[in-house]
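Q: Please pick one part of this model and take me through it slowly, piece by piece. I'm new to this, so plain words are welcome.

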Amino acid sequence: SKTLSFAKLTQQSMADEQFESTDAGGSEFVPQRANTIKKNQHCMIKGNPCKVVDVSSSKTGKHGHAKINMTGVDIFTGNKYEMMCPGHDNIEVPNVTRTEYQLIDISDDGFLSVLLDDGGTKDDLPLPDGDLGAEIREAFDNGQDIMVAAIAAVGKEAVVAKKDLKE
């Protein structure tokens, strides 16, 4: 009877504990075999989230494994990266999300203030460099209502496109 009371005590103490819940889809990466990666998919190349622009494979060699050559363009910087790995290796595929926001304001230090779906605001998106940033700034200064599209992966988020908001 002592073991029974210990089991009940253990169940009771476990029932009293509070556990933090986490988002089940919060993983930044999903493993995928290198020989199943296709052109226009995303994968991590040399630690950078890239969109694959070219995939080729070599013949099976002396040890029976094909090598996969991949070329990708970094989705944030536009830099080109190459990788070679055995076809049976698992490589990391980042979870890339694209979100559209309505632009509310551009701060003096170059950050965009955008409207979220829940009515709140997000103020930490940097104004992109180059032509896109100039287009967004010009459209905003001219009083146009615009939407900006941002992609997010591996803990980073960047604006990649703009479009006019048609009434």
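**How the strands line up**

A: Let's start with one pair of residues: Val-114 sits opposite Lys-122 of strand 9. Before going on, keep in mind that this is a predicted model, where local features need pLDDT of at least 70 and side-chain atom pairs count only at pLDDT 80 or more, while totals for chains, interfaces and linings use all residues. Residues are numbered from 1 along each chain as its sequence is written, and side-chain values use heavy atoms, with hydrogens and water left out.

Val-114 belongs to strand 8, and on strand 7 the residue facing it is Leu-103. A strand here is a DSSP run of E with at least two residues, while a helix is a run of H or I with at least four, and both are numbered from the N terminus. Strands count as paired if DSSP finds at least two bridges between them. In general, the strands of a sheet pair through backbone hydrogen bonds, either parallel or antiparallel.

Strands 8 and 9 are antiparallel and share four bridges. Five residues lie between them in their hairpin, where Gly-119 has a positive phi near 95°. On the other side, strands 7 and 8 also run antiparallel, with four bridges. They make a hairpin too, with four residues in between, and Gly-110 in that turn has a positive phi of about 90°.

Now zoom out. These strands are part of an open, antiparallel sheet of five, in the order 9-8-7-10-11. At its edges are strand 9 (121–126) and strand 11 (156–164), each pairing on one side only. On average, neighbouring strands are turned by 45° against each other, ignoring direction. Axes for such angles are lines fitted to C-alpha atoms (for helices, over the stretch in contact), and angles between N-to-C directions run from 0 to 180 degrees.

What about the other end of the order? Strand 10 (residues 146–153) is joined to strand 11 by eight bridges, and the two run antiparallel. One spot to find is Ile-151, whose bridge partner in strand 11 is Ala-158.

Finally, helix 2 (residues 130–141) packs on this sheet, touching strand 7 (97–106), strand 8 (111–115), strand 10 and strand 11. Contact here means heavy atoms within 4.5 Å. The direction of helix 2 makes about 55° with that of strand 11.
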